[in-house]
Amino acid sequence: MTCAVIFGGAGFIGSFFARTLAESGRFKTIYLADHLIDKQDPSLFRARFIAETPGAVGISVDVRQPIIFLPTEPVGLIANFAAVHREPGHEPEEYFETNLKGAENICAWAEQMQCRDLIFTSSISPYGVSETVKDESTLPVPITPYGGSKLVAEKIHLAWQAADREARRLLIVRPGVVFGPGEGGNVSRLIKAVLGGYFVYTGNKNTRKAGIYVKELCAAIWWMYNRAETRCGGVELFNGSMNPGPSISEYVSAVCEVAAVKRRVPNMPYALLMTIAYLADVVARPLNIQHPFSPVRVRKLVRSNNILPKVLTESGYRYKYTLQSAFADWRNTCPSEWGLDLPGVAGAVKAPGTRG
């Protein structure tokens, strides 16, 4: 049997995808290649999740450097999930240092290992900011260092595939906001804000945010990878999102429904909320205090990411989760992330029906 190597395997998506590969039974070993392997993982849930994945072996790899790891088995699949991605949180050059050098080093290593199958997680960030609906045919116009670095990384992977078009397979996925246990990102902050009673609308109730549950994303990636269209070489690119992407008010309603709480969400003028965000930043930044009111995050709240997964749906993929059932599964899997110690938050709930 061959092995699979997941670069960024200790990360949020990588750790879940490792479980997907383990359940497939296709690989003798699943190597989780990540520079965080030899450091304490901030997510206790994720660390336990990785430890319980059959066949998973952690190895310390920094993709910014040439990769010298030599597995004992032939490499049947490489997945590149390694990235610097949080916005805000990094200097512009940091996105390019990891995302571009990582792409170059991983593709060079794939060449060395004579691996013909490569999966790359990009992002919807290369599409840029616009209120218009976008799909895979839309011209990317990135406006951030992260979006630009991801688009160039896509081109690096495409160059790797083009060197042997008939034999090499490349699957590129552009996920929207990926949420689930151990995420600690935008949706986690939204849940805490709604349950904590400090979430507010700012004229953005109908703003759509392309998003997908991490288990759904992994299932979709694996389903697309196993399609016959690219088994003998080729390239496929798809957007990883629910169809359509939920609106802000739909996220809020789903949180309240799953947590069995009622919250009256006020509407605050955008200018006032931005003023509060800037004042909070002025106070918190010199003291190195983390807070949820970053001006960058406030701007994101009012911008639509109305990205449609046209390729995924037209290919016949059947979604396994609704927004409500995804949140319920998340809450029952990792209840501590749903603030069960907050007043008025009920106990564990049964997941609403999933899509078959």
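Here are some notes on this predicted model, point by point, to read alongside the structure.

1. **Helix α6, length.** Let us start with α6, which covers residues 214–225. With 12 residues at 1.5 Å a residue, the helix should span 16 Å, and its end C-alpha atoms are indeed 16 Å apart, so the expected and modelled lengths agree.

2. **Helix α6, burial.** This helix is mostly covered, as 10 of its 12 residues are buried. The buried set runs from Val 214 through Glu 216, Leu 217, Cys 218, Ala 219, Ala 220, Ile 221 and Trp 222 to Met 224 and Tyr 225. One of the buried residues is charged by type, namely Glu 216. Glu 216 returns in the next point, where it lines a cavity.

3. **The second largest cavity.** The structure holds 2 cavities of 30 Å³ or more. In the second largest there is about 30 Å³ of space. Its lining is made up of Ile 212, Tyr 213, Glu 216, Met 242, Tyr 319, Tyr 321, Thr 322 and Ala 326. Sorted by class, that lining has 6 nonpolar residues, 1 polar and 1 charged. If you are browsing the model, Glu 216 is a handy place to begin, being both a buried residue of α6 and a lining residue of this cavity.

4. **The second largest pocket.** Which residues line the second largest pocket? They are Phe 16, Arg 19, Thr 20, Glu 23, Ser 24, Phe 49, Lys 215, Cys 218, Ala 219, Lys 320 and Tyr 321. The elements that each give two or more residues to this lining are α1 (12–24) and α6. Of these, α1 gives the most, with 5 residues. The pocket holds about 210 Å³ of space, and its lining divides into 5 nonpolar, 2 polar and 4 charged residues. Tyr 321 belongs to this lining and also to that of the second largest cavity. Cys 218 and Ala 219, which line the pocket, are among the buried residues of α6.

5. **Strand β4 and its neighbours.** Strand β4 takes in residues 75–80 and is mostly covered, with 5 of its 6 residues buried. Strand β1 (residues 3–7) runs parallel to β4, and 5 bridges join the two. On another pairing, β4 and strand β5 (residues 117–121) are also parallel, joined by 3 bridges. Ile 78 is a good residue to click on here: Val 5 stands opposite Ile 78 of β4, and in β5 the bridge partner of Ile 78 is Leu 118.

6. **Pro 175 and Thr 121.** Pro 175 is found in strand β6, residues 169–175. With a relative accessible area of 6%, Pro 175 falls under the 20% limit and is therefore buried. Its C-alpha atom is separated by 7.2 Å from that of Thr 121, although the two residues are 54 apart along the chain.

7. **Two buried loop residues.** Asn 204 sits in the loop between α5 (186–196) and β8 (211–213). Is Asn 204 buried or exposed? Its relative accessible area is 1%, so Asn 204 counts as buried. The side chain of Asn 204 reaches the backbone nitrogen of Thr 202 at 3.0 Å. Ser 123 offers a similar story in the loop between β5 and α4 (145–162). At 7% relative accessibility Ser 123 is buried, and its side chain reaches the backbone nitrogen of Ser 125 at 2.9 Å.

8. **Backbone points to check by eye.** Most residues other than glycine have a negative phi, and most peptide bonds are trans. Gln 114 has a positive phi of about 55° although it is not a glycine. Gln 114 lies in the loop between α3 (92–112) and β5, and at 67% relative accessibility this residue is exposed. Ala 260, also not a glycine, has a positive phi of about 55°. Ala 260 belongs to the loop between α7 and α8 (270–284) and is partly exposed, with a relative accessible area of 49%. Lastly, the peptide bond joining Asn 243 and Pro 244 is cis, with omega about -5°. Pro 244 is in the loop between β9 (234–240) and α7 (248–259).

Notes
Residues are numbered from 1 along each chain as its sequence is written. This is a predicted model: local features need pLDDT of at least 70, side-chain atom pairs count only at pLDDT 80 or more; totals for chains, interfaces and linings use all residues. Side-chain values use heavy atoms; hydrogens and water are left out. Helices (H or I, at least four residues) and strands (E, at least two) are DSSP runs, numbered from the N terminus. The expected span of a helix is 1.5 Å times one less than its number of residues. Buried means under 20% relative accessible area, exposed over 50%, partly exposed in between (1.4 Å probe, protein chains only). On a 1 Å grid over the protein atoms alone, a cavity is a set of points where a 1.4 Å probe fits but cannot get out, and a pocket is an open set with protein on both sides within 12 Å along at least five of seven lines; lining residues have an atom within 4 Å of a point. Grid points are joined across faces, edges and corners, and a volume is the space filled by probe spheres set on the points. Two strands pair if DSSP finds at least two bridges between them. A polar contact is a pair of N or O atoms within 3.5 Å; within protein, one must be able to donate a hydrogen and the other to accept it, and residues adjacent in sequence count only if both atoms are side-chain atoms.
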